[in-house]
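Please load the model in a viewer and keep the residue selection tool at hand. The stops below proceed from one selection to the next.

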Amino acid sequence: MSENNLNIQMVDLKSQYMKIKPQVDKAINDVLSSTQFINGEHVKSFQKELANYLGVKHVITCANGTDALQISMMALGLKSGDEVITPSFTYIATAEVIGLLGLKPVFVDCDPKTFNISVEEVEKAITKKTKAIVPVHLFGQSSDMKSIMNLAKKHDLFVIEDNAQAIGSDYLGLNKPQKTGTIGNVGCTSFFPSKNLGCYGDGGAIFTNDDDLAHTIRGIVNHGMYIRYHHDVIGVNSRLDSVQAAILSVKLPLLDFYNERRKEASLLYSKELNQNKNLLTPIAKNNCQSHVFHQYTLRVLSGNRDELSKYLNDNNIPHGIYYPIPLHKQKAYSDKNYKEEDFTISNMMSEQVISLPMHSELDNDQIRFICDKINKFFTAQEK
């Protein structure tokens with residue numbers, strides 16, 4: 001295959017759609033025919049399907065993953081001034097909702113092997129004001145949930161799992177495999193189109209095994225109502241529309257296949273790049289069982305990540321830098337009490353990481369082309 005015919009995409013949603021076009025089109029048309037656009041049967045059935053897949057009692061859908069986090073914190077009764085521990089090396093949404101609710105984000109460093117929150121740093125950050133921990137299963141790999149849950153039990157803290165990048169991941173550290181997002185008090189996910197399970201717009205969901213908490217969440221997502229015009233709790237307007245639910249119902253049975261395809265792509269990437277001493281390929285625990293590769297993220301050890309980025313752009317190879325600025329350095333969350341020596345790993349990651357194309361439609365020729373270009377870049381640098 002010639003270079004011009006490779007058509008490499010960071011996420012190839014069109015090719016994925018074309019493979020399921022008849023089913024998706026029918027699902028959308030079914031919603032249009034029903035005219036049940038909000039809280040219709042498609043939403044209710046998808047919630048049941050996702051709950052069965054995850055092995056969790058309750059799934060409550062909402063408008064997006066950020067809302068899922070905010071609603072979870074509202075439902076848990078967190079109050080202004082309460083401290084919530086979360087990683088500095090992650091996407092802004094996690095911290096954003098903490099700030100919006102008048103809570104205090106407490107950022108901690110990450111683990112250099114998995115990119116996930118460091119349990120040791122979480123323990124050091126706990127104070128009398130700490131009420132919750134928000135582990136983020138970054139790039140598709142589960143955090144150390146056994147240790148996090150033990151800490152939470154010891155200090156009587158809530159655990160809110162940010163599962164936006166890891167839906168379908170199996171955590172193997174407990175007595176039996178358990179889906180990420182179902183281990184803490186509550187789990188949250190996003191159905192943003194590029195996610196492993198993505199819709200064709202915005203969408204999100206909240207998971208819990210707690211009946212009372214689920215009841216509270218159901219009220220919050222719908223203006224605080226259980227009976228029309230009776231507002232029992234402070235709520236928001238955050239609903240997954242029926243069209244998106246219908247699309248997700250088509251894609252959910254394919255999620256394990258999509259995740260396996262991502263794992264296969266990751267293995268070929270690593271095989272082609274493992275011998276490059278300038279790079280550190282992702283470390284996937286448990287033979288990839290707990291990693292579903294929302295992103296395939298390299299660490300560039302030679303100090304020329306930005307030069308590699310420019311080279312990839314010059315060769316029409318899409319990529320991403322997730323994330324270039326840790327949250328403790330963001331202007332909106334600056335705090336004079338933070339010490340840079342407490343964030344050595346997060347700061348290092350922000351200077352080293354680069355993510356390559358990753359999706360279920362990647363083929364071996366595309367992966368080998370990308371890896372060949374990367375290896376040639378470093379060979380030229382060494383001359």
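The coordinates belong to a predicted model.

**Stop 1: a buried arginine.** Select Arg 299 and display every residue in contact with it. Leaving aside residues up to four places away in sequence, Arg 299 touches Pro 112, Phe 115, Asn 278, Leu 279, Leu 280, Met 348, Met 349, Gln 352 and Val 353. The arginine itself belongs to strand β13, which covers residues 296–300. Which side chain of opposite charge is nearest to Arg 299? That side chain is Asp 111, at 7.9 Å. Arg 299 has no salt bridge although it is buried; the cut-off for such a pair is 4 Å between a side-chain nitrogen and a carboxyl oxygen. Two other polar partners can be displayed instead. The side chain of Gln 352 makes a polar contact with that of Arg 299 at 2.8 Å, and the backbone oxygen of Pro 112 is reached by the Arg 299 side chain at 3.3 Å.

**Stop 2: salt bridges within helices.** The whole structure contains 15 salt bridges; three of them are visited here, beginning with the pair Lys 263 and Glu 260.

Select helix α10, residues 255–273, where Lys 263 and Glu 260 are three residues apart and thus separated by about one helical turn. The closest N and O atoms of this salt bridge are 3.3 Å apart. Is Lys 263 buried or exposed? Lys 263 is buried, because its relative accessible area is 12%, whereas Glu 260 is partly exposed at 40%.

Move next to helix α11, residues 305–314, and select Lys 310 together with Asp 314. Four residues separate the two along the sequence, so they lie about one helical turn apart. Their closest N and O atoms are at a distance of 3.1 Å. Both ends of this salt bridge are exposed: Lys 310 has a relative accessible area of 54%, and Asp 314 has 52%.

The third pair is in helix α13, residues 364–382. Here Lys 376 and Asp 372 are four residues apart, about one turn of the helix, and they form a salt bridge with 3.2 Å between the closest N and O atoms. Lys 376 is partly exposed, with a relative accessible area of 48%, and Asp 372 is likewise partly exposed, at 34%.

**Stop 3: a nonpolar surface patch.** Switch to a surface representation and select Leu 32, Phe 37 and Ile 38, which form a nonpolar patch with about 280 Å² of accessible area together. Leu 32 is located in helix α2, residues 21–34. Its relative accessible area is 46%, so Leu 32 counts as partly exposed.

**Stop 4: backbone geometry.** Return to a stick view of the main chain and select Tyr 322 and Tyr 323. What is the configuration of the peptide bond between them? The bond is cis, with omega near 20°. Tyr 323 is situated in the loop between α11 and α12, the latter being residues 344–352.

Tyr 229 comes next, in the loop between β10 (225–227) and β11 (230–231). Its phi is near 70°, a positive value in a residue other than glycine. Tyr 229 is also exposed, because its relative accessibility is 62%.

Finish at Asn 7, in the segment before α1 (13–19). This non-glycine residue has a positive phi as well, near 50°.

How values were computed
Residues are numbered from 1 along each chain as its sequence is written. This is a predicted model: local features need pLDDT of at least 70, side-chain atom pairs count only at pLDDT 80 or more; totals for chains, interfaces and linings use all residues. Side-chain values use heavy atoms; hydrogens and water are left out. Buried means under 20% relative accessible area, exposed over 50%, partly exposed in between (1.4 Å probe, protein chains only). Lys and Arg count as positive and Asp and Glu as negative; His and the chain ends are not counted. A polar contact is a pair of N or O atoms within 3.5 Å; within protein, one must be able to donate a hydrogen and the other to accept it, and residues adjacent in sequence count only if both atoms are side-chain atoms. Contact means heavy atoms within 4.5 Å. Patches are made of residues with over 30% relative accessible area and no salt bridge: like charges are joined within 9 Å, nonpolar side chains (Val, Leu, Ile, Met, Phe, Trp, Tyr) within 5 Å. Accessible areas come from the Shrake-Rupley method with a 1.4 Å probe; for residues, only the protein chains shown count as cover.
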